[in-house]
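Let's take a friendly walk through a protein model, one piece at a time. Keep the picture open while you read.

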Amino acid sequence: MAESSGSNKAAERIGYITRVQSFSACHRLHSLYLSDEENKKVYGKCNNPYGHGHNYKVEVTVRGKIDPVTGMVMNLTDLKRCIEEVIMIPLDHKNLDKDVPYFANVVSTTENLAVYIWDNMVKALPAILLYEIRIHETDKNIVIYRGE
């Protein structure tokens, strides 16, 4: 018969929960630290002065102990609320470079977008739960950030 006591350290289990959310945004890859010519060379068509858009798919993964009473790492309703506050409200249907102050001086690459989401999710979630941010910029381009 299996041990059912939550106080048994050997019985503690670690779980991972991933919530997927999609949002649309536009941006222009352009570094303030490069000349216009260098920007065109580095970023190519993504440096178009009028920008371009993506339908991003973000996966937010949390990691933690499965609570013996609730059976959850965290309540998915709470995770959904955090994603709404950190991703959807500030980023969905926005121009990242013009509407998100963070990107005023930071190039809006998907790598930097992952850092932005991580830095804000870590503030919104209970301590040490955030494990990974995975952003699908396209079907073929995926960025993973784990706070390192």
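## Starting with a hidden serine

Let's begin with Ser 108, which is buried because its relative accessible area is 1%, and buried means under 20%. Keep in mind that this is a predicted model. You'll find Ser 108 in the loop between helix H3 (96–99) and H4. What is Ser 108 in contact with, leaving aside its neighbours within four places in sequence? The list is His 27, Arg 28, Leu 29, Leu 96, Asp 97 and Phe 103.

Now hop along to Thr 110, which is found in helix H4. Thr 110 is buried too, with a relative accessible area of 5%. Leaving out residues up to four places away in sequence, Thr 110 touches Tyr 56, Ile 135, Glu 137 and Val 143. Check the spacing to His 136 as well: Thr 110 and His 136 are 26 residues apart along the chain, and their C-alpha atoms are separated by 8.6 Å.

## The overall layout

Time to zoom out. How many helices and strands does the protein have? The count is four helices and five strands. If you read along the sequence, the pattern goes β-α-β-α-β-α-α-β-β. The radius of gyration is 19 Å, well over the 15 Å that the globule rule gives for 148 residues, so the protein is more spread out than a compact globule. Put a box around the C-alpha atoms, along the principal axes, and that box comes to roughly 70 × 25 × 25 Å.

What about inside and outside? Of the 148 residues, 37% count as buried. The accessible surface comes to about 9300 Å², and 51% of that surface belongs to carbon and sulfur atoms. On the charge side, there are 18 positive and 19 negative side chains, with the centres of the two sets 2 Å apart. And here's one for thinking about folding up a chain: among contacts with a separation of 6 or more, 67% come from residues 24 or more positions apart.

## The nonpolar core

Which residues have the most contacts inside the largest nonpolar core? They are Ile 87, Leu 113, Ile 117, Met 121 and Ile 133, in a core of 33 residues. Several elements pitch in: strand E1 (14–27), strand E2 (52–65), H2, H4, E4 and strand E5 (142–145) each supply at least two residues of this core.

Try clicking on Ile 87. Not counting residues up to four places away in sequence, Ile 87 touches Phe 23, Val 58, Val 60, Cys 82, Asp 92 and Ile 117.

## Two stops on strand E1

Ser 24 is found in strand E1. Is Ser 24 buried or exposed? At 19% relative accessibility, Ser 24 counts as buried, because the cut-off for buried is under 20%. Apart from its neighbours within four places in sequence, Ser 24 is in contact with His 54, Asn 55, Leu 91, Asp 92, His 93 and Lys 94.

Cys 26 has its place in strand E1 as well. With 29% relative accessibility, Cys 26 counts as partly exposed. Its contacts, again leaving aside neighbours within four places, are His 52, Gly 53, Lys 94, Asn 95 and Leu 96. For a sense of distance, Cys 26 and Pro 90 are 64 residues apart in sequence and 13 Å apart in space, C-alpha to C-alpha.

## Two loop residues with a positive phi

Here's a bit of background: most residues other than glycine have a negative phi. Now look at His 93, whose phi is near 55°, a positive value in a residue that isn't glycine. His 93 lies in the loop between helix H2 (76–91) and strand E3 (94–95). His 93 counts as exposed, because its relative accessibility is 64%. Measure across the model, C-alpha to C-alpha, and you get 23 Å between His 93 and Glu 132, which are 39 residues apart in sequence.

The other one to find is Ile 128, where phi is near 55°, again a positive value in a residue other than glycine. Where does Ile 128 lie? Look in the loop between helix H4 (110–124) and strand E4 (130–136). Ile 128 is exposed, with a relative accessible area of 82%.

Terms used: Residues numbered from 1 in each chain as written. Predicted model: local features only at pLDDT ≥ 70, side-chain atom pairs only at ≥ 80, totals over all residues. Heavy atoms only, no water. Buried < 20%, exposed > 50% of the residue type's maximum accessible area, 1.4 Å probe, protein only. Core = buried A, V, L, I, M, F, W, Y, C linked by side-chain atoms within 4.5 Å. Contact = heavy atoms within 4.5 Å. Rg over C-alpha atoms; globule rule 2.2 N^0.38 Å. Areas by Shrake-Rupley, 256 points an atom, 1.4 Å probe, with all protein chains shown as cover. Lys, Arg positive; Asp, Glu negative; His and termini not counted. Charge placed at Lys NZ, Arg CZ, Asp CG, Glu CD.
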